[in-house]
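Colleague: Thanks for sitting down with me. Could you walk me through this model, starting with its pocket?

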Amino acid sequence: MVDLAVIDRLRAATIVPVIRHSDTQVAAIAIDLLIEQGIRAIEITTSVSRADQLVQRIKAKNEALLVGAGTVLDQTQAREMLDAGADFIVSPCWVDEVADLVIKAGGAYFPGAMTPDEVFHHHQAGAALVKIFPADTAGGPAF
């Protein structure tokens with residue numbers, strides 16, 4: 001069962017910046033600046049070099065910060081990010097092996113979806129939340 005506190009904290013955070021820079025140092029600086037401005041949740045994508053190490057470092061410095069791992073496409077990435085302390089795992093679509101690992105571990109899995117059918121499937125299959133992705137293409141907040 002997923003920790004509902006993660007979902008409550010995400011709702012309270014309102015905004016979840018996605019960190020996608022390929023340079024780990026630039027990504028870390030961006031995260032520090034966001035934290036200074038009061039951001040309470042972030043998503044660090046696996047496209048960031050050594051993303052798992054960055055998640056671990058950020059969580060060690062900021063225990064109250066909700067840190068998610070994004071663009072997780074396989075079980076190895078999911079395990080590395082969970083082991084690093086990621087509070088939630090995001091994929092751009094439903095990935096069976098990621099979903100199985102995260103859900104069985106009691107973690108929060110947020111797959112991306114763009115159609116009502118995908119949203120329904122992901123919800124029925126056990127996703128803690130479903131991320132409308134890409135949101136702008138799907139119609140933005142109105143969708």
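Modeller: Happy to! One definition before we start: Ala, Val, Leu, Ile, Met, Phe, Trp, Tyr, Cys and Pro count as nonpolar, Asp, Glu, Lys and Arg as charged, and the others, Gly among them, as polar. Please also keep in mind that this is a predicted model.

Colleague: With those classes in hand, how many residues of each class are in the lining of the largest pocket?

Modeller: The lining of this pocket consists of 14 residues. Those nearest the centre are L10, V16, F110, L129 and K131. Sorted by class, the lining comes to 10 nonpolar, one polar and three charged residues.

Colleague: Which element gives the largest share of the lining of the largest pocket?

Modeller: The pocket has a volume of about 310 Å³. Two elements, α1 (4-13) and β4 (88-91), give two or more residues to its lining. The largest share is three residues, and it comes from α1.

Colleague: Let's step back to the whole chain. What radius of gyration does the protein have, and why does it count as compact or extended?

Modeller: The protein has seven helices and six strands, and along the sequence they follow the pattern α-β-α-β-α-β-α-β-α-β-α-β-α. For 143 residues the globule rule gives 15 Å, and the protein comes close to that, so it is as compact as a globular protein of that length. Its radius of gyration is 14 Å.

Colleague: What percentage of the contacts with a separation of 6 or more is between residues 24 or more positions apart?

Modeller: Some context on the fold helps here. The C-alpha atoms fill a box of roughly 40 × 35 × 30 Å along the principal axes, and buried residues make up 41% of the 143 residues. Of the contacts with a separation of 6 or more, the share between residues 24 or more positions apart is 49%.

Colleague: Now for some single residues. Is E43 buried or exposed?

Modeller: E43 sits in strand β2 (residues 41-45). Beyond four places in sequence, E43 touches several residues, including V16, V18, G70, V90 and K131. Its relative accessibility is 5%, and buried means under 20%, so E43 counts as buried.

Colleague: Which side chain makes a polar contact with the side chain of E43?

Modeller: E43 is a charged residue by class, and its partner is among the residues nearest the centre of the largest pocket. The two side chains come to 3.2 Å, and the partner is K131.

Colleague: T45 is also in strand β2. Which residue has a side chain joined to that of T45 by a polar contact?

Modeller: T45 has a relative accessible area of 0%, so it is buried. Residues that T45 touches, beyond four places in sequence, are V18, I19, R20, A51, G70 and T71. The polar contact between side chains is 2.6 Å, and it joins T45 to S47.

Colleague: I'd like to check the backbone too. Which peptide bond is cis?

Modeller: Look in the loop between β6 (131-132) and α7 (135-138), where P134 lies. F133 lies in that loop as well, and with a relative accessible area of 33% it is partly exposed. Omega is near -10° for the cis bond, the one from F133 to P134.

Colleague: How far apart in space are F133 and M114, C-alpha to C-alpha?

Modeller: Beyond four places in sequence, F133 touches P92, G112, A113 and M114. In sequence, F133 and M114 are 19 residues apart. In space, C-alpha to C-alpha, they are 5.6 Å apart.

Colleague: T14 has a positive phi although it is not a glycine. What is the phi of R50, another residue other than glycine?

Modeller: T14, with a phi of about 70°, is in the loop between α1 and β1 (18-19), and at 64% relative accessibility it counts as exposed. R50 lies in the loop between β2 and α3 (51-61) and counts as partly exposed, at 48%. Its phi is positive too, near 55°.

Colleague: Last one: which elements do the buried residues of α5 pack against?

Modeller: Helix α5 spans residues 96-104, and its buried residues are V98, A99, L101 and V102. The helix is followed by G106, with a positive phi near 80°. The buried residues of α5 pack against α4 (75-84), β4 and β5 (108-113).

How values were computed
Residues numbered from 1 in each chain as written. Heavy atoms only, no water. Helix = DSSP H or I, 4+ residues; strand = E, 2+ residues; numbered from the N terminus. Buried < 20%, exposed > 50% of the residue type's maximum accessible area, 1.4 Å probe, protein only. Polar contact = N/O pair within 3.5 Å; in protein donor to acceptor, adjacent residues only side chain to side chain. Contact = heavy atoms within 4.5 Å. 1 Å grid on protein atoms, 1.4 Å probe; cavity = no way out; pocket = protein on both sides within 12 Å on 5 of 7 lines; lining within 4 Å. Points joined across faces, edges and corners; volume = space filled by probe spheres on them. Rg over C-alpha atoms; globule rule 2.2 N^0.38 Å.
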